[in-house]
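Trainee: Please take me through this model slowly, and let me ask at each step what stands behind the words that describe it.

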Amino acid sequence: MALQELIDAAQRIVFFGGAGVSTESGIPDFRSQDGLYHQKYPWPPEEILSHTFFERLPEEFFRFYRDKMLPLDAEPNDAHLKLAELERAGKLTAVVTQNIDGLHTKAGSKKVYELHGSIWRNYCTRCGAFYGPEYIRDSSGIPHCTCGGVIKPDVVLYEEGLDEDIISGAVHAIRNADLMIVAGTSLTVYPAAGLLRYFRGKNLVLINRDATPYDSEATLVIHDSVGKVLNGISVNENNKQ
Ligand code: ZN
């Protein structure tokens, strides 16, 4: 069955997206190391983006973070835009994402579970004051609050736990979905595979350039660009069916 038919028949779609959804907006997946990092940083990105590293070498953390993790000018691509359209049409109940770039929200999606947080939110570790991402970008060295505390991006670093409210919201949406579309992830990184277990609906669609361990369990597998595939979908509102 084609993706269009599955979407037409669905009423509660949940989209689960990984880094591959953002790479089409020009945001590199730091897990697919291309050697660039090694030329400029003596540590692998996984080490820099860890809680221990943030505590020990915050200046180096922010040097990397400003350089690689703050693509504030990035724009939503066809995948983000189509998902927002599906939500407006009452077809899609939630987007669950592992990305921290905020592009789903920028595209107009309202119900977004950002498992790993967002670069658009930053908080003082002492008084809890909120800071936008521009403040981090435009500061130098370690960004400090007016109270003197260090400002920390609201992103989940390695060694840190996921936000329980966000997890339970995502689980609830997945449990009640009748169609789950998983895209741009190899489904090997925690917690992607774990969340998939909560899906009890009929149809699972996987869109990824490369094969995943779950390909054999899916109703439909598409090895192609997420933006290209979703761009080809036309949105019919539920109440028009
Ligand atoms: Zn403060």
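Trainee: Why does Arg12 count as partly exposed?

Mentor: The relative accessibility of Arg12 is 36%, and buried means under 20% relative accessible area, exposed over 50% and partly exposed in between, with a 1.4 Å probe and protein chains only; Arg12 therefore falls in the middle class. Bear in mind that this is a predicted model, in which local features need pLDDT of at least 70 and side-chain atom pairs count only at pLDDT 80 or more, while totals for chains, interfaces and linings use all residues. Residues are numbered from 1 along each chain as its sequence is written, and side-chain values use heavy atoms, with hydrogens and water left out.

Trainee: Where does Arg12 sit, and what does Arg12 touch?

Mentor: Arg12 belongs to the loop between H1 and E1, where helices (H or I, at least four residues) and strands (E, at least two) are DSSP runs numbered from the N terminus. Taking contact as heavy atoms within 4.5 Å, and setting aside neighbours within four places in sequence, Arg12 is in contact with Lys91, Thr93, Asn176, Ala177, Asp178 and Leu179. With Thr93, which is 81 residues away along the chain, the C-alpha separation is 5.5 Å. A polar atom of the Arg12 side chain also lies 2.6 Å from the backbone oxygen of Asn176, inside the limit for a polar contact, which is a pair of N or O atoms within 3.5 Å where, within protein, one must be able to donate a hydrogen and the other to accept it, and residues adjacent in sequence count only if both atoms are side-chain atoms.

Trainee: What makes the arrangement around the zinc ion tetrahedral?

Mentor: The protein donors are the SG atoms of Cys124, Cys127, Cys145 and Cys147, lying 2.3 Å from the zinc ion, and a donor is an N, O or S atom within 2.8 Å of the metal (3.2 Å for Na, K and Ca), though water is not among the atoms and sites may look incomplete. Four donors count as tetrahedral if all angles lie between 85 and 135 degrees; here the angles run from 100 to 117°, so the arrangement qualifies. For reference, the ideal angle for four tetrahedral donors is 109.5 degrees. Along the chain, the donors follow the spacing C-x2-C-x17-C-x1-C.

Trainee: Which of the classes, buried or partly exposed, applies to Cys124, and which to Cys127?

Mentor: Cys124 has 5% relative accessibility and therefore counts as buried, whereas Cys127, with a relative accessible area of 46%, is partly exposed.

Trainee: How do you know that E4 pairs with its partners in the sheet?

Mentor: Two strands pair if DSSP finds at least two bridges between them. Strand E4 (residues 117-124) is joined to E6 by five bridges, the two running antiparallel, with Asn122 opposite Pro153 in E6. E4 and E5 pair in the antiparallel sense over two bridges, and there Tyr123 has Phe130 of E5 as its bridge partner. The outcome is an open antiparallel sheet of three strands in the order E5-E4-E6, whose edge strands, E5 (130-131) and E6, each pair on one side only.

Trainee: Which residues touch the most other members of the largest nonpolar core?

Mentor: They are Leu3, Phe15, Ile181, Ile207 and Leu230, out of 24 residues, a nonpolar core being a set of buried Ala, Val, Leu, Ile, Met, Phe, Trp, Tyr and Cys residues joined through side-chain atoms within 4.5 Å. Among the elements that each supply at least two residues of this core are helix H1 (3-9), helix H7 (78-88) and strand E8 (203-207). Apart from this core lies another, of 23 residues, including Ala170 and Phe199. In soluble globular proteins, nonpolar side chains tend to be buried together.

Trainee: Why is Asn203 called buried?

Mentor: Its relative accessible area is 16%, so Asn203 meets the criterion for buried. Asn203 is placed in strand E8, where both faces are covered, Asn203, Val205 and Ile207 on one side and Leu204 and Leu206 on the other all being buried. The Asn203 side chain makes a polar contact of 3.3 Å with the side chain of Thr219.

Trainee: How many bridges link E8 to E7 and to E9?

Mentor: E7 and E8 pair in the parallel sense over five bridges, and E8 and E9 are likewise parallel, over three. Val205 is the bridge partner of Ile181, and Leu220 in E9 is the bridge partner of Val205.

Note on methods
Four donors count as tetrahedral if all angles lie between 85 and 135 degrees; four count as square planar and six as octahedral if opposite donors are over 155 degrees apart and all others between 65 and 115; anything else is irregular.
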